[in-house]
Amino acid sequence: MATKLVGVLLVTALVGSRGIGAQASTTGEPTQTAVFEPLLADPKEPQFFATYLWARSTRLASRLGSVGFGQTIGVVRGRDWQVAVAAGVFSEFNMRSSTTDLVNTDYHIGLPVTYRRGAFATRFRIFHESSHLGDEYLVHTHAQRVDLTFQAVELLVADEASRWRVYGGGAYVFAHSPADLKPGVLHGGLEYHQPRSLLRLGRFATGRLVAGLDAKAMQEHKWQVGWSLVTGLELGDPLVALGSGRRWSVLLKAYTGPAPYGEFYRDHVSSVGVGIGFTL
């Protein structure tokens, strides 16, 4: 049921993609921007991406394909606030396998409520996440399922200057399986978005440098921090303002800490890779 619901929401995002980030014209006309921009480096932020990873872990393959399909869809909006639906699917594949076995899939659905006052933006959300171990991977490796499922509330506050963005907050897991999962989560990060174009590809695109560092510590892991670092080039329509409208990116990614992949949450993983992303 959760899989079908996430699928419906993702189709809705593709059809009506003006929900969170309406295009901003460079002509000075009134524009509508997101109240709380998606987090650049959070591995579980609903967004569209595909990444090739070289990984080090006790159970995961040394080469992984990681893909995500997701969007935050605005439902109701006022001048400084927004109620939305966020849905995402995140999957990992064994790239060393001849059949590129599905290793893990996480399903995410949430209801974020966001508010902005000046340079400060706040996001409160209640969300559900469940994980599934890939069937082919399960057969080939004789692995055991963890069946990680939880519901949580999260509060993040961001200071969004023109170039730099600092955010922080935490989450509390109020319902979960396995039953002994500890509930506390601390979450913060730092982002940089170049305010001017770094390059221009004629009438096709303009590009700017972006970078992000995300840190997440869970009580379950005795507050060990998972560090996620991304940097690269974000390309967009030259007829709209930087950071608005439909964008795609080429990013270098690195991660170290407790695995962000649900069925492997008890493992430690380190990885580096390169990927592409798309923002509607």
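What follows is a short chat about a predicted model.

Me: Start with the basics. How many helices and strands does the protein have?

Reply: The secondary structure comes to two helices and 13 strands. This is a predicted model, so read everything below that way.

Me: How many residues, and what share of them is buried?

Reply: The protein has 280 residues, and 48% count as buried.

Me: And what does the protein expose?

Reply: About 13,900 Å². Carbon and sulfur atoms supply 62% of that area.

Me: What about contacts along the chain? What share joins residues at least 24 apart?

Reply: That share is 59%, counted among contacts between residues at least 6 apart in sequence.

Me: Switching to charges. How many salt bridges are there?

Reply: The structure holds 12. One of them pairs the side chains of Lys216 and Asp42, at 3.2 Å from N to O.

Me: Where do Lys216 and Asp42 sit?

Reply: Lys216 is in strand 10, residues 205-218. Asp42 is in the loop between helix 1 (2-15) and strand 1 (48-57). The two are 174 residues apart in sequence, so the pair ties together distant stretches of the chain.

Me: Is Asp42 buried or exposed?

Reply: Asp42 is buried, at 2% relative accessibility. Lys216 is partly exposed, with a relative accessible area of 24%. The cut-off for buried is under 20%, so Lys216 falls outside that class.

Me: Which residue does Arg116 pair with?

Reply: Glu160. Their side chains meet in a salt bridge at 2.5 Å, N to O. Arg116 lies in strand 4 (102-117) and Glu160 in strand 6 (149-160), so this pair ties together parts 44 residues apart in sequence. Glu160 is buried, with a relative accessible area of 15%.

Me: What about Glu234? Which residue is its partner?

Reply: Arg208. The closest N and O atoms are 2.9 Å apart. Glu234 is in strand 11 (225-236) and Arg208 in strand 10, with their positions 26 residues apart in sequence.

Me: Are Glu234 and Arg208 buried or exposed?

Reply: Glu234 counts as buried at 11% relative accessibility. Arg208 counts as buried too, at 8%.

Me: Which residues are linked in a network of salt bridges?

Reply: Glu45, Arg123, Arg125 and Glu154.

Me: Now the surface. Which residues make the nonpolar patch?

Reply: The patch covers about 860 Å². Val75, Val76, Trp81, Val83, Val113, Tyr115, Phe120, Phe124, Leu155 and Val157 make it up.

Me: Which elements give two or more residues to the patch?

Reply: Strand 2 (63-77), strand 3 (81-94), strand 4, strand 5 (120-133) and strand 6. Val75 has its place in strand 2. Val75 is exposed, with a relative accessible area of 54%.

Me: Next, Phe174. Where does Phe174 lie?

Reply: In strand 7, residues 164-177. Phe174 counts as partly exposed, at 43% relative accessibility.

Me: Which residues is Phe174 in contact with, leaving aside neighbours within four places in sequence?

Reply: Ile126, Gln151, Ala152 and Val153. There is also a spacing to note for Gly184: 10 residues from Phe174 in sequence, and 9.4 Å in space, C-alpha to C-alpha.

Me: Jump to cavities. How many of 30 Å³ or more does the structure hold?

Reply: Four. The largest has a volume of about 490 Å³.

Me: Which residues are closest to the centre of the largest cavity?

Reply: Lys44, Glu129, Phe150, Lys216 and Met218, out of 30 lining residues. Lys216 also forms the salt bridge with Asp42.

Me: Which strands each supply at least two residues of that lining?

Reply: Strand 5, strand 6, strand 7, strand 8 (184-193), strand 10, strand 11 and strand 12 (247-258).

Me: Last one. Where is Gly202 found?

Reply: In the loop between strand 9 (199-201) and strand 10. Gly202 is partly exposed, at 41% relative accessibility.

Me: How is Gly202 placed with respect to Pro238?

Reply: Their C-alpha atoms are separated by 8.4 Å, with the two residues 36 apart along the chain.

How values were computed:
Residues are numbered from 1 along each chain as its sequence is written. This is a predicted model: local features need pLDDT of at least 70, side-chain atom pairs count only at pLDDT 80 or more; totals for chains, interfaces and linings use all residues. Side-chain values use heavy atoms; hydrogens and water are left out. A salt bridge is a side-chain nitrogen of Lys or Arg within 4 Å of a carboxyl oxygen of Asp or Glu. Helices (H or I, at least four residues) and strands (E, at least two) are DSSP runs, numbered from the N terminus. Buried means under 20% relative accessible area, exposed over 50%, partly exposed in between (1.4 Å probe, protein chains only). Patches are made of residues with over 30% relative accessible area and no salt bridge: like charges are joined within 9 Å, nonpolar side chains (Val, Leu, Ile, Met, Phe, Trp, Tyr) within 5 Å. Accessible areas come from the Shrake-Rupley method with a 1.4 Å probe; for residues, only the protein chains shown count as cover. Contact means heavy atoms within 4.5 Å. On a 1 Å grid over the protein atoms alone, a cavity is a set of points where a 1.4 Å probe fits but cannot get out, and a pocket is an open set with protein on both sides within 12 Å along at least five of seven lines; lining residues have an atom within 4 Å of a point. Grid points are joined across faces, edges and corners, and a volume is the space filled by probe spheres set on the points.
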